[in-house]
Protein chains: 2
Amino acid sequence: MSSYPVTGRTTPTRHRERVGYEVAKAYAVLDAGYLCHVGFVVDGAPVVLPTVYARVGERLYLHGSTGARWLLRGAEDPAGLPVCVVVTLLDGLVLSRSAFGHSVNYRSVVVHGAARPITDPAEQAAALAAVVDQVIPGRATDCRPPTAKELSATAVLRVDLAEVSVKIRTGGPLDQPDDDGLPYWAGVIPLGMHADAPIPVQGLSPDVRLPGYLEPGALKPARAAS
Amino acid sequence: MSSYPVTGRTTPTRHRERVGYEVAKAYAVLDAGYLCHVGFVVDGAPVVLPTVYARVGERLYLHGSTGARWLLRGAEDPAGLPVCVVVTLLDGLVLSRSAFGHSVNYRSVVVHGAARPITDPAEQAAALAAVVDQVIPGRATDCRPPTAKELSATAVLRVDLAEVSVKIRTGGPLDQPDDDGLPYWAGVIPLGMHADAPIPVQGLSPDVRLPGYLEPGALKPARAAS
């Protein structure tokens, strides 16, 4: 499958040119993110929570955090909890001469699906390792693995990537020709996540060196501390 | 009001020490953000979208974007559309010696409420100016104001800040004492939004200088290009 099928709820009403369904594009955005926002319905009302996640192949894994009481509903129901998961990367501020034309450059993926419990211990362990590596690639194999007790205390739910759309805005402002001559600055302020120098925990043994995956340039943010 | 009332859905089940209800703390997080994620319910299923917003006093304004078809439901119903609005700021990656202890430092605000249409043209104009200034403080008075036609083409909904919680994690990893001696690097990688040098639009008149509010240090990101 190179593209996700287009459904009613993944069809945009505006800015159709910004929306795509290519699997590779969705993976690129999902893999670049640190946090997702997951929405679900509780007593008929919407609830949204930020949480860490990981993508492994065609599956998205969500790590239980605060609000676990709601996510655990998904774990209790084999049919799963209907969710909408969004990953958004902010890439820039777009300044046009007109207030109306202001925008932001971004990449976002919206996933509709059901969050289902993981019942296979091997899949759960792999999912948790993937969540660690999603945030810090290379870390999962360079820390103490979880104990059975830790695994049993962790809620991880799975969402199959089947109903997915990608929305991307790039480029500069789109001013009306009449506005081009107005005496206001117009253009783009590029934005992105930036990592500062790592801060070791107090008491870290001097024998423990900074691992390569935390060196400048190895971290996920494009603008790691130089 | 210095604190929001605690309700069933703003009571955490885990990490209670991270959750607060102080209005000033909520404002600080809301004012620091660029994007929110807004969740609502469509045909019984959750939908989450990223969008720009602004806080003005006790009100949050949401700017209609893709998915406007759903947000417009709120505009059609005077009772408003039940929403959950979340602003999340990622501040760092927290590496413990154990996979289980990994975490992220962040600040987030969760708002439960109803998104209601703005019927007063003056409030709508003020809300749109606030959205521009939320992203680029100082910009709203330094661009062409919206025309009546542009105003009528823009959906802005209002959410009163009444049921609000703040969640903040700071500091280093919390390793089990038994793990302290393990030979893995542990600590924090500080993260934040970083602005690169502004890119003027092609054809910008050389008479138009970079305004002060776009100078390094004036932008919202703490780590503006130096």
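In this predicted model, Y61(B) stands opposite R158(B), a residue of β7(B). That pair belongs to a run of five bridges that join β4(B) to strand β7 (residues 156-160) of chain B, with the two strands antiparallel. Strand β4 of chain B spans residues 59-63, and four of its five residues are buried, so the rest of the structure largely encloses it.

Follow β4(B) to its other partner and you come to β3(B), which is joined to β4(B) by four bridges, again in the antiparallel sense. Here V56(B) faces R59(B) of β4(B). The two strands form a hairpin with two residues between them, and in that hairpin G57(B) takes a positive phi near 60 degrees.

Now let us move to β5(B). What surrounds this strand, and how far is β5(B) enclosed? Of its 15 residues, 12 are buried, so β5(B) is largely enclosed by the rest of the structure. Its strand partners can be taken one by one. With β6(B), β5(B) shares 13 bridges, and the strands run antiparallel; within this pairing, P82(B) stands opposite A114(B) in β6(B). With β2(B), three bridges make an antiparallel pair, and there H37(B) has V86(B) of β5(B) as its bridge partner. With β9(B), four bridges hold an antiparallel pairing, in which L93(B) of β5(B) is matched with I189(B) of β9(B). As a reminder for looking at any of these strands, side chains in a regular strand alternate between the two faces of the sheet.

β9(B) also leads us out of the single chain and towards chain A. In total, 81 residues of chain B are in contact with 81 residues of chain A. Several elements of chain B each supply at least two residues to this side, among them β2 (35-42), β3 (45-56), α2 (68-76), β5 (81-95), β6 (103-117) and α3 (121-135). Which element gives the most to the side of chain B that touches chain A? That is β9(B), with nine residues. By residue type, the side of chain B that touches chain A divides into 54 nonpolar, 15 polar and 12 charged residues.

The contact between the chains includes strand pairing as well. Strand β9 (residues 187-195) of chain A is joined to β10(B) by two bridges, and these strands run antiparallel. One place to see this is G187(A), which stands opposite P200(B) in β10(B).

How are the two copies arranged? A turn of 180 degrees and a shift of 0.0 Å along the axis lay chain B on chain A with an RMSD of 0.0 Å. The two copies are thus related as by a two-fold rotation axis. In chain B, M193(B) has the C-alpha nearest the axis, at 2.3 Å from it. The interface fits this picture: 100% of the interface residues of chain B are also interface residues in chain A, so the copies meet through the same surface.

Finally, look inside. Nonpolar side chains tend to be buried together in soluble globular proteins. In this model, the largest nonpolar core has 121 residues, and V109(A) and V109(B) touch the most other members. Leaving aside neighbours within four places in sequence, V109(A) is in contact with A26(A), V29(A), L30(A), V86(A), V87(A), V164(A) and V166(A).

Notes:
Residues are numbered from 1 along each chain as its sequence is written. Chains are lettered from A and ligands numbered from 1 in the order in which they are written. This is a predicted model: local features need pLDDT of at least 70, side-chain atom pairs count only at pLDDT 80 or more; totals for chains, interfaces and linings use all residues. Two residues are in contact if their C-beta atoms, placed from the backbone, lie within 7 Å. Ala, Val, Leu, Ile, Met, Phe, Trp, Tyr, Cys and Pro count as nonpolar, Asp, Glu, Lys and Arg as charged, and the others, Gly among them, as polar. Two strands pair if DSSP finds at least two bridges between them. A residue is buried if 20 or more other C-beta atoms lie within 10 Å of its own, exposed if 12 or fewer, and partly exposed in between; C-beta atoms are placed from the backbone. Copies are superposed by least squares on the C-alpha atoms of residues with pLDDT of at least 70 in both. A nonpolar core is a set of buried Ala, Val, Leu, Ile, Met, Phe, Trp, Tyr and Cys residues joined through C-beta atoms within 7 Å.
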